[in-house]
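I opened my notebook on this one with the pocket in mind. Here is what I looked up, entry by entry.

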Protein chains: 2
Amino acid sequence: MAVGTNAVQPRVSFDTSPDKYKHWKLSFDGSVATLSMDVQEDAGLSPDYRLKLNSYDLGVDIELADAIDRIRFEHPEIHAVVITSLKERIFCAGANIFMLRGSSHAWKVNFCKFTNETRLAMEDASAHSGLKFLAALNGICAGGGYELALACDEIVLVDDGNSAVSLPETPLLAVLPGTGGLTRVVDKRKVRRDLADVFGTIAEGVKGRRAVEWRLVDAVYPTSQFRHQVEKRAAALAASSDRPSSGPGITLGPLGPTVTDDAVLYSSVSLQIDRAGRVASLTVKAPDAAQPTSPDEILKAGDAFWPLRAFRELDAALLHLRIDEPLIGTVVVRTEGDPARVLAVDQTLIAHADHWLVREIVHFMKRTLKRMDLTARSFFALIEPGSCFAGSLFELALAADRSYMLDDPERPNTIALSAMNGGPLKMSNGLTRLETRFLGMPERVSELLGEGEPFDPPAALDAGLVSFAPDELDWDDEVRLAIEARVALSPDALTGMEANLRFAGPETMETKIFGRLTAWQNWIFQRPNAVGEKGALTAYGSQARPEFDFNRT
Amino acid sequence: MAVGTNAVQPRVSFDTSPDKYKHWKLSFDGSVATLSMDVQEDAGLSPDYRLKLNSYDLGVDIELADAIDRIRFEHPEIHAVVITSLKERIFCAGANIFMLRGSSHAWKVNFCKFTNETRLAMEDASAHSGLKFLAALNGICAGGGYELALACDEIVLVDDGNSAVSLPETPLLAVLPGTGGLTRVVDKRKVRRDLADVFGTIAEGVKGRRAVEWRLVDAVYPTSQFRHQVEKRAAALAASSDRPSSGPGITLGPLGPTVTDDAVLYSSVSLQIDRAGRVASLTVKAPDAAQPTSPDEILKAGDAFWPLRAFRELDAALLHLRIDEPLIGTVVVRTEGDPARVLAVDQTLIAHADHWLVREIVHFMKRTLKRMDLTARSFFALIEPGSCFAGSLFELALAADRSYMLDDPERPNTIALSAMNGGPLKMSNGLTRLETRFLGMPERVSELLGEGEPFDPPAALDAGLVSFAPDELDWDDEVRLAIEARVALSPDALTGMEANLRFAGPETMETKIFGRLTAWQNWIFQRPNAVGEKGALTAYGSQARPEFDFNRT
């Protein structure tokens, strides 16, 4: 089973901050921030490869993701971000090929998933938070480097006779530009499909006027004008923003969980690992005290404000599960605390939805829940007395593959909806989780959202809001058997099944990237023509030439 | 490279007719046809497996596809089709597992592609041709059997305490219900995703009232009422049709190509195979005589009417390429003849679009072009003097990954659009090929469609209708080098790249089935947990229990 086995990987920390960045420089000038890639060759996550030519591994992307979050929360006065490089004549060579070559299949898949999420978070900031991105390509921009540029609102390229954009994955490595590249070229930049076909098969890429004509970049500028034009365009992008004209922002402090061998404990989130059973228990707690209700108080509370804190912790727990606990196939999701406190927070978030910080918090919650939708583990929500599956926390039950609600008349147990279930936390398919659940029945969704009261187990079951509502006699056995049955199934078939059932309804560019493009990339990441002994990814950088089995599939 | 190697497979004929069917009985009663599955166990395409319990292989599905085409063309008086089984208490056990187990990866992929196309053709008939389908499940209906039912407009199940519908692929075989099953359950039947999750993981399936409550079937009837209720519902479906109340239809005669070792020659289509170069040349000829212009004449011409004949031949050539010529990775597409004749046919098709037979012909052309979009080979259109890339034949150039048009002022060479490029031949993404090509630029599409004149090479290039227009000095080298470069690339990376670039823009249920679902299924079809030595597909039917690598990916 060598193909499926996940090699032991180093524990990866997603907790970083600009003072610790190894690969990026973040600077600020008025309303424009500049994020400059300057990858340290010898500071990859593993000593097995060197990050030459601004190529990246997961560690580089963790810093990028962190920088974008920090600009959103810590620097509201920033309206546009220039993404560029500090290396002479090189923007970015893309994902490090020696890293990919040495990685297990699961690592490749998780690496690509995270880098996709980071790029989509940039587009989310542009679409919803007035933070625009300009890719200033000061040199060669290949593969994942160009995919990073594609995630920006505008792309400008230096016209120095040498610098080109390229997607050399297919011709050089026999894999796909899988970090959104193929999708964004045709769907976002609207490059004609035949030109995209040519572009995707020539390793040297396209430069100069042709890059503009083919819509691959928005403009090219000679070296002498480049810096000035970048400044001009960044200023124009910044001018379109509706972000505040000045700060202060809030500081995103480290989460500082307590980590033991079988648990990660945060303030509002805990993750318990049962490796023998291949099950984890993920619990989110309601606030244990009243929360701020005005923007000023929220600003003052900063990263201690419960929804931000709890969802940052949830996000970290999900990433930990993905990267560090590949054997945990099933996650039991619980909540604990007073649902009234959660609903009160929801009310605050809705009431001040236009405030920049509240907006950022809600979009962060949305992105975390999307991360859960995209996490290749089975989630079962257990709704028990003492839980608080209300409003935004009920999204956890809606995101789960199934939910079980204990129906014991002697121990009251309810769920509740709020306006947070009606729009702010949309899935990547563009629908809310309620709309996806009741696909094609919008009147039913409105009716449920209009219901002011909590739902007891029979009402929740009748409304279709939970999967099952066993009574106290059946509860233990039914839940236990469901989990035992789940953990016995093939993890691959479950991954594929969940990736199909979770995204009912319309596809968007975002879901296309994770569905169509990623699924094909994952297929190719197993093909001998890429990863076999004589495959192109294996042969890259050696003297050997790849040898292909030319049968088409 | 064992995984990628395509084992030698028997040459498969797609040419059949009801008198030759081994596995289906087709009967007619007024406006209702009944297609009864009665699979001959010992008449599979290979002697290596027995088709027990109405399980199927490609041969069974070829007959089904043929029957549906024949009902559309030969029996316009048929308004509804009942799909049922002649086996006692068994509707269909799905794709034969021993066939799947013994098949190469490429065979599995092509088998699933064809069966998907057949089911989508049923939905096409329902949506566009007034031909409705009722699945009358007289017994156990598992896996691909239920996926066939899902492609029908209505599903009724006998309520005998035993008969259930099920998708046991994940729990029993560690693969997916990949013939549209997972997509149609949530997207078409709108089964709630949590219930679909349960349904997809229990091998025994769901029966009786629960099957109705979960929306898996439309009704259940006790055995005593079953036949009567099926008749009643079929009559109601038939009553909704806009098909003619009586015939005659036309007869679809055999295509009877001349087959040599390196060519398949039809009347209007020829396919030349260069195995050493791994290139095929596919040529479609314009009519060589004037074609009928009125419905009566078209009825009289029957299957000799050029567009029907030519596209049936094209369809057969594409299937032949897929199944019998896996080493041919690149297909050069040419046309020959008088473009005026093609445009005249287009005019006839548009003028009589409401006539049932013309409607069928146009939808057949549409489905054939979709088959081309879904064929995992690179298509390069070569537009040379003497060609007739006009109107419906210009769709071949639009479907191709690239097009090259020779620009030699001394040898006039044009392309032309017709109303057939403006709507009747939509891709599976719901857009025309022109709309997909010029995504987000509808005004440009209208402008081009409004252009009454043919386009010479500079005009075609300027309009973006062709990829390149080399002059006579460059032509030979440029085309040769493009083909040489293409055939040298990894066939897997090309398959993945083309599957992404060809379907720019929106996704539909149809494209989701081929993109998201199929891509994940293809991934799983390579996973050791399914097809490895101890995988579930390998272990099925033996004493061995599957052993899984439980790492999630």
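**Pocket.** I began with the lining of the largest pocket, where α3(A) gives the largest share, nine residues. For helices and strands I used DSSP runs (helices H or I, at least four residues; strands E, at least two), numbered from the N terminus. This is a predicted model, so I noted the limits: local features need pLDDT of at least 70, side-chain atom pairs count only at pLDDT 80 or more, and totals for chains, interfaces and linings use all residues; side-chain values use heavy atoms, with hydrogens and water left out. Residues are numbered from 1 along each chain as its sequence is written, while chains are lettered from A and ligands numbered from 1 in the order in which they are written.

How much space lies in the largest pocket? I read about 1,100 Å³. Of its 49 lining residues, A:D69, A:D315, A:L319, A:F364 and A:R371 are the closest to the centre. Two or more lining residues each come from α1 (58-74), α3 (105-128), α11 (306-324), α13 (356-373) and α20 (509-524) of chain A. A pocket here is an open set of points on a 1 Å grid over the protein atoms alone, where a 1.4 Å probe fits, with protein on both sides within 12 Å along at least five of seven lines; lining residues have an atom within 4 Å of a point. Grid points are joined across faces, edges and corners, and the volume is the space filled by probe spheres set on them.

I sorted the lining into 23 nonpolar, nine polar and 17 charged residues. Asp, Glu, Lys and Arg count as charged, and Gly is among the polar ones.

**Confidence.** Chain A has a mean pLDDT (the predictor's confidence in each residue, from 0 to 100) of 96, with 98% of its residues at 70 or more. Residues 1-8 of chain A are below 50, though this stretch has 22 contacts beyond near neighbours in sequence. For the complex I noted an ipTM of 0.95 and a pTM of 0.96.

**Two chains.** A turn of 180° and a shift of 0.0 Å along the axis lay chain A on chain B with an RMSD of 0.0 Å. That is the relation of a two-fold axis. The superposition is by least squares on the C-alpha atoms of residues with pLDDT of at least 70 in both copies.

The contact (heavy atoms within 4.5 Å) takes 95 residues from chain A and 95 residues from chain B. Why do the copies meet through the same surface? Because 100% of the interface residues of chain A are also interface residues in chain B.

**Backbone.** I found a cis peptide bond between A:G247 and A:P248, with omega about 0°. A:P248 sits in the loop between α9 (223-239) and β13 (258-260) of chain A.
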